[in-house]
Amino acid sequence: MLVGKRILLVIGGGIAAYKSLELIRRLQDRGATVRAILTKAGTEFVTPLSVGSLTGDKVFQELFSLTDENDMGHIELSRDADLMVVAPATADLMAKMANGHSNDLASTALLATDKRVLIAPAMNVRMWLHPATQRNLATLRGDGVSVVGPNDGSMACGEFGPGRMAEVPEIIAAIEAMMANPAVSHPLKGRKVVVTSGPTREAIDPVRYISNHSSGKQGHAIARAAAEAGAEVTLVTGPVAIPDPVGVNVVHVESARDMLAAVEKALPAAIAVFAAAVADWRVADVAGGKIKKGAGGPPSLAFVENPDILATVAGLKAGRPDLVVGFAAETDNVIDNARAKLARKGCDLIVANDVATGTGTFGGDANTVHLVTPDGVETWARQSKDEVARALVARLADRLGKT
Ligand code: C5P
């Protein structure tokens with residue numbers, strides 16, 4: 001798909017720059033030609049010699065270099081490419097791009113280009129979450145810049161959260177998607193998407209509750225991927241320890257009943273994805289005061305069933321989303337159970353995953369999923385939850401386009 005394509009890669013100054021060397025190789029494997037601009041800060045992390053040895057071309061570094069300008073001016077450099085990719089896109093590069101700066105070769109080429117631009121942000125989690133960076137991100141999205149990542153995870157600086165540059169296969173997938181469909185960088189633009197995520201908490205008394213181990217990572221990743229695809233996203237999440245995804249309308253809830261109410265309020269939507277681990281039961285009579293330890297021994301709790309949010313929405317007569325997606329976390333007979341669930345809940349697709357002890361799915365960063373539809377089962381190779389989210393959103397956008 002990338003045969004004969006010319007990619008101008010801007011390598012910014014971040015530790016993730018080492019991945020850009022691999023990116024060059026993998027793009028070449030697919031038949032693309034890569035030219036590289038290395039920022040001054042970028043040279044602190046990778047050398048012009050290693051970049052140039054891989055691209056087989058000169059490495060463009062200086063705005064006011066006579067030889068660079070004689071070989072190829074900055075305007076020509078950016079016009080000559082089919083696509084510009086900024087990886088890693090540092091906070092500083094994003095700020096320059098968002099504000100139209102042109103005080104070095106990278107920012108000037110990015111301002112002078114009339115081609116599409118993909119950025120792969122990479123920075124410390126606090127820099128990423130800072131309102132200034134988020135403002136710049138929103139501005140860049142509004143300018144039509146495509147964004148891949150960043151991913152959640154542990155970072156070179158020892159912190160944890162969003163800020164890790166997307167992996168090379170993810171960047172390549174984003175490039176291929178842009179090349180395959182130059183007109184549609186945002187396949188879900190103008191569409192509303194509702195996603196549930198995380199656990200619910202069901203009160204026993206004012207201080208105690210029943211809940212589960214759901215981390216919210218998969219649901220949050222789906223909300224983020226849908227926003228990246230241009231959708232207007234409402235994420236209804238139970239209590240989780242991970243940050244709200246950016247560019248998404250987030251509604252925080254506790255109980256299953258609160259979650260249902262928030263979902264109903266967020267409808268209508270084109271797509272609803274139910275990734276939350278909703279408690280099946282709640283305590284029938286929540287004590288008004290803290291239950292005391294006493295002579296009567298431990299209390300016995302009576303339970304009543306919670307509303308099934310997925311089945312409720314899938315069964316809507318009026319205003320049912322075009323695509324209703326459920327999740328099935330199973331510890332055994334994963335696919336058979338998912339098939340049964342698809343029929344029972346009346347949804348269009350079930351994403352089934354194995355959460356048995358030892359799989360590391362609960363709370364982990366990777367997931368092996370099976371897509372179960374009335375047409376059959378498709379098993380995806382184990383990949384990160386961000387990759388699962390992007391692939392799922394791409395699939396849903398594709399199906400929506402065909403409805
Ligand atoms: O029935 P089970 O809990 O295994 O079904 C899982 C799917 O149903 C998930 O998509 C989950 O978000 C959804 N669900 C729901 N409301 C419930 C129970 C499950 O939306 N009360």
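In the predicted model described here, the largest share of the lining of the largest cavity, four residues, comes from α10. This cavity has a volume of about 150 Å³, and a search of the whole structure finds two cavities of 30 Å³ or more. The lining of the largest cavity consists of 17 residues, and those nearest its centre are Trp128, Pro162, Arg224, Pro245 and Val246. Besides α10, the elements that give two or more residues to this lining are α7 (125-129) and α8 (131-142). By class, ten of the lining residues are nonpolar, two are polar and five are charged.

Helix α10, which spans residues 217-228, also takes part in the lining of both pockets described below. In the largest pocket, α10 is among the elements that give two or more residues to the lining. In the second largest pocket, α10 again supplies at least two lining residues.

The largest pocket encloses about 930 Å³ of space. Its lining comprises 40 residues, of which Ala276, Ala277, Val278, Phe327 and Ala329 are the closest to the centre. Together with α10, two or more residues each are given to this lining by β15 (303-305), α12, β16 and α13. The strand β16 gives the most, with four residues. The composition of the lining is 17 nonpolar, 15 polar and eight charged residues.

The largest pocket is also the space taken by the ligand. Three elements give two or more residues to the shell around the ligand, namely α12 (309-314), β16 (323-330) and α13 (334-345). These three elements likewise appear among those that give two or more residues to the lining of the pocket. The residues around the ligand are Phe274, Ala276, Val278, Asp280, Pro307, Asp308, Ile309, Leu310, Gly326, Phe327, Lys341 and Lys345. Of these, Ala276, Val278 and Phe327 are also listed with the lining residues closest to the centre of the largest pocket. Classified by residue type, the shell has seven nonpolar, one polar and four charged residues.

Backbone atoms of the protein approach the ligand at several points. An oxygen atom of the ligand lies 2.6 Å from a backbone N or O atom of Phe274. For Pro307, a polar backbone atom is 2.8 Å from a nitrogen atom of the ligand. A backbone N or O atom of Ile309 lies 3.0 Å from a nitrogen atom of the ligand. On its own, the ligand has 450 Å² of accessible area, and the protein covers 86% of this area.

The second largest pocket has a volume of about 790 Å³. It is lined by 32 residues, and the closest to its centre are Ala173, Ala174, Ala177, Arg390 and Ala394. At least two residues of this lining are supplied by each of β5 (146-147), α9 (168-180), α10 and α14 (385-402). By class, the lining divides into 19 nonpolar, six polar and seven charged residues.

Particular backbone features were also identified in loops. A cis peptide bond, with omega about 0°, joins Gly149 and Pro150. Pro150 is placed in the loop between β5 and β6 (151-154), and β5 is one of the elements that supply residues to the lining of the second largest pocket. A cis peptide bond is also present between Leu267 and Pro268, where omega is about 0°. Pro268 belongs to the loop between α11 (256-266) and β13 (271-274).

A further feature concerns Asn333, a residue other than glycine for which phi is positive, with a value near 45°. Asn333 lies in the loop between β16 and α13. Both of these flanking elements give two or more residues to the shell around the ligand.

Terms used. Residues numbered from 1 in each chain as written. Predicted model: local features only at pLDDT ≥ 70, side-chain atom pairs only at ≥ 80, totals over all residues. Heavy atoms only, no water. Near = heavy atom within 4 Å. Polar contact = N/O pair within 3.5 Å; in protein donor to acceptor, adjacent residues only side chain to side chain. Areas by Shrake-Rupley, 256 points an atom, 1.4 Å probe, with all protein chains shown as cover. 1 Å grid on protein atoms, 1.4 Å probe; cavity = no way out; pocket = protein on both sides within 12 Å on 5 of 7 lines; lining within 4 Å. Sits in = over half its atoms within 2 Å of the grid points. Nonpolar A, V, L, I, M, F, W, Y, C, P; charged D, E, K, R; others polar. Points joined across faces, edges and corners; volume = space filled by probe spheres on them.
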